[in-house]
Structure formats: structure tokens, C-alpha cells
Amino acid sequence: MTSATRRPESPAATPRSASPEEGGIPAVPRLIATDLDGTLLRDDKTVSPRTVAALAAAEEAGIEVFFVTGRPARWMDVVSDHVHGHGLAICGNGAAVVDLHDGAGAHRFVKVRELARENALDTVRLLRQAAPGTVYAFEQTFGFHQEPDYPNLHRELPDTTVPAEELLRPDGPTAEQPLLKILAYHPTLDPDAFLTLARLAVGDRATVTRSSPSALLEISGPGVSKASTLALCCAERGISHDEVVAFGDMPNDVEMLTWAGRSYAMGNAHPDAVAAATGRTLANNDDGVAVVIEQFLSRLR
């Protein structure tokens with residue numbers, strides 16, 4: 001099962017007034033961090049008009065909004081029209097910070113936290129031993145690659161189809177690009193059982209999580225998560241975790257939900273996300289994120 005992590009360090013920000021029942025946490029956050037799939041997006045992958053309005057109102061009120069997702073940068077077209085002010089997103093479960101200002105297909109990488117190829121090779125080897133039948137795909141800054149037996153799980157064709165060990169060679173065909181994430185798929189294992197097995201097998205060589213309903217794992221560099229990259233971004237802005245509210249629904253959101261001063265699991269959330277969050281809101285199809293943002297903004301009136 002997924003375990004919560006300790007809060008990454010971030011500097012104390014300028015104190016803000018808080019209502020007594022908040023226990024020292026500001027009544028209105030300085031930053032909203034929201035997952036996309038299963039959280040901000042409805043099941044049809046759209047952002048509802050109510051949610052669009054809530055995000056715009058939050059930014060107008062001076063609250064920063066960060067999209068924090070497992071998606072690669074090239075899949076951020078679903079929210080590129082709703083970036084409003086700063087236009088930054090954390091992609092690949094923390095492996096990259098991306099500027100969305102220039103629209104779909106023109107994203108600029110602001111920060112990259114890559115997975116070293118030595119760690120990636122160890123991870124592939126150990127997971128093949130622990131779970132025979134595992135097949136892999138690989139996310140790079142500007143490329144997607146997969147093994148010949150990897151199923152058609154995504155909405156695109158791979159740039160190359162090649163065995164993992166060949167792709168990950170120091171002089172391999174894509175060695176000039178940073179490796180952001182390994183996708184590991186098993187055709188028969190239970191998703192949560194696969195996650196537990198992989199974490200035990202891989203140890204501290206990489207960070208292993210999941211966000212898919214299938215047995216598809218997402219593997220990043222050691223210590224790389226939505227929470228740790230969000231903490232770095234907040235530190236650059238002088239924002240403490242107590243001034244952040246986060247939303248999520250799956251195991252890859254657990255660390256972020258734990259780190260934020262206030263956090264909300266969606267009505268459709270995985271049990272691990274529910275256990276990690278400080279509160280719960282409505283499901284993604286019922287505009288659960290917008291409901292909470294509207295409640296915060298009502299305190300400013």
C-alpha cells in the first residue's frame with residue numbers, strides 16, 4: 001500500500017491571519033495545487049465551466065494555481081487554455097516544471113529532475129526479476145519510447161520501439177535527452193499488489209507510484225514526487241506548506257496531500273488518498289475542486 005512521506009522542507013512565509021479553528025493555518029491559501037485526471041478534469045477529460053470560473057476567480061484574488069500531474073508536458077493541452085496568471089505546471093509526477101504560456105506543443109521546461117540511466121537499468125532488472133512479464137515504456141523531455149510487447153495504453157504511437165536495456169545504454173538511441181519516467185506494465189497483477197511488490201524490489205533506487213486503474217506503475221528518480229517538486233516551487237515563492245491547499249485522487253497524490261497544510265481527496269478517490277488528506281470533497285464529475293475553491297473565496301467577501 002502507499003505510505004505517506006514526511007513533508008519536504010520549505011521556508012516559513014510571511015504570517016497571515018487565520019481563524020482560530022484553522023489551528024494557525026491561513027483561512028485562505030496562497031497556492032492551490034491540483035491534480036488533473038480524476039480530480040480537476042471530468043471523466044470526459046474536460047474542465048467544467050464552473051471549475052474554469054473558480055480557477056480564474058482564485059487567480060484574480062491573488063491565489064496561485066499549480067496543475068500537478070503525472071501527465072507528460074505534451075498532454076497538457078487539456079488545461080492550456082486555463083492557465084490564467086503564472087501558467088506553470090508540475091508534470092511527470094514531479095519530474096518536470098513546465099511553462100504553459102505558449103500553448104499546446106510549445107511548452108518550455110523550467111526545471112527537470114531526471115532519472116539517472118544507471119538507476120533506471122537497475123530498476124528494470126530488479127522489477128523483471130520480481131514480476132516476470134513486466135514490460136516498459138519511457139518518458140523523456142521530448143520523446144516517448146516503448147518495448148515491443150508494451151500494449152497500446154496511451155493516445156500516441158512511440159517514437160521508437162526498442163528493448164529497455166538497449167534504450168537505456170549510455171550510448172543508446174536517446175541518450176542525449178533526460179529520462180523523466182519509466183512506465184512499467186504487468187498484464188495480470190493486481191495494481192496495488194504490483195505497487196507494493198515494485199517498491200520492495202526497487203528500494204531507494206527510484207520512486208514508484210501509480211495513478212492508473214490498471215497495473216501500470218510510474219517510476220521517477222529517487223525522491224522525485226509531486227510533493228517534493230511542489231515544495232521546491234513553493235520555497236522559491238516564499239510559500240510554506242501551511243499556505244497550500246491540495247487536491248488529488250490516486251496513490252501518486254498521497255505525498256502531496258500529506259505535505260499540504262490542507263488537502264482534499266475527491267469523492268472518487270483511492271483509499272490511500274482519502275487516508276492522506278485532511279478533508280474530502282465531491283467527485284471530479286461533480287466539480288469537487290470548484291466547490292472548495294468557492295468556499296475559500298467566500299471568506300474574502
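**Figure 1. Cys-234 is buried, with a relative accessible area of 0%.** Please keep in mind that this and every following view shows a predicted model. The two cysteines in this close-up invite a simple question: how many disulfides does a search of the whole structure find? The search finds zero. Cys-233 takes part in no disulfide, and the nearest cysteine sulfur, that of Cys-234, is 7.0 Å away. Looking from the other side, Cys-234 is in no disulfide either, and the nearest cysteine sulfur to it belongs to Cys-233, at 7.0 Å. For a pair to count, the sulfur atoms would have to lie within 2.5 Å. Cys-233 is buried too, with a relative accessible area of 2%.

**Figure 2. The protein chain has nine helices and 14 strands.** Here is the setting for the other close-ups. The chain has 301 residues, and buried ones make up 58% of them. How are contacts spread along the sequence? Taking contacts between residues at least 6 apart in sequence, 60% join residues at least 24 apart. On the outside, the chain exposes about 12,300 Å², and carbon and sulfur atoms supply 52% of that area.

**Figure 3. The largest pocket holds about 620 Å³ of space.** Which residues lie closest to its centre? Of the 29 residues that line the pocket, these are Asp-37, Lys-45, Trp-75, Ser-211 and Ser-212. Three elements, α1 (36–40), β9 and β11, each supply at least two residues of the lining. Sorted by class, the lining of this pocket divides into 13 charged, eight polar and eight nonpolar residues. If you are tracing the pocket in the model, Trp-75 and Lys-45 are among the central residues to start from.

**Figure 4. The largest cavity has a volume of about 90 Å³.** A search of the whole structure finds two cavities of 30 Å³ or more, and this view takes in the largest. Fourteen residues line this cavity, and those closest to its centre are Pro-72, Ala-73, Gly-92, Glu-139 and Leu-180. Which strands each supply at least two residues of the lining? They are β6 (135–140) and β9 (179–185). Strand β9 also supplies at least two residues of the lining of the largest pocket, so named in Figure 3. The cavity lining has six nonpolar residues, along with four polar and four charged ones.

**Figure 5. The second largest cavity contains about 50 Å³ of space.** Strands β10 (207–210) and β11 (216–220) each supply at least two residues of its lining. Thr-207, Thr-209, Glu-218 and Ser-220 are among the lining residues, as are Val-224, Ser-225 and Lys-226. Others that line this cavity include Asn-93, Asn-252 and Glu-255. What is the make-up of this lining by class? There are six polar residues, three charged and one nonpolar. Strand β11 is also one of the elements that supply at least two residues of the lining of the largest pocket.

**Figure 6. Asn-93 has a positive phi of about 60°, although it is not a glycine.** Where is Asn-93 found? Asn-93 sits in the loop between β3 (88–91) and β4 (96–99). Is this residue buried or exposed? At 3% relative accessibility, Asn-93 counts as buried, because the cut-off is under 20%. You have met this residue already: Asn-93 is one of those that line the second largest cavity.

**Figure 7. Asp-287 has a positive phi of about 60° and is not a glycine.** This residue lies in the loop between β14 (279–280) and α9 (288–298). Asp-287 counts as buried, at 8% relative accessibility. The helix that follows in the sequence, α9 (288–298), is the subject of the next view.

**Figure 8. Ile-293 has its place in helix α9.** Ile-293 is buried, with a relative accessible area of 2%. Which residues does Ile-293 touch, not counting those up to four places away in sequence? The partners are Ile-32, Ala-54, Leu-55 and Ala-58. A further pairing to look for is with Ala-57: Ile-293 and Ala-57 are 236 residues apart in sequence, while their C-alpha atoms are 8.8 Å apart in space.

Note on methods: Residues numbered from 1 in each chain as written. Predicted model: local features only at pLDDT ≥ 70, side-chain atom pairs only at ≥ 80, totals over all residues. Heavy atoms only, no water. Buried < 20%, exposed > 50% of the residue type's maximum accessible area, 1.4 Å probe, protein only. 1 Å grid on protein atoms, 1.4 Å probe; cavity = no way out; pocket = protein on both sides within 12 Å on 5 of 7 lines; lining within 4 Å. Points joined across faces, edges and corners; volume = space filled by probe spheres on them. Helix = DSSP H or I, 4+ residues; strand = E, 2+ residues; numbered from the N terminus. Nonpolar A, V, L, I, M, F, W, Y, C, P; charged D, E, K, R; others polar. Contact = heavy atoms within 4.5 Å. Areas by Shrake-Rupley, 256 points an atom, 1.4 Å probe, with all protein chains shown as cover.
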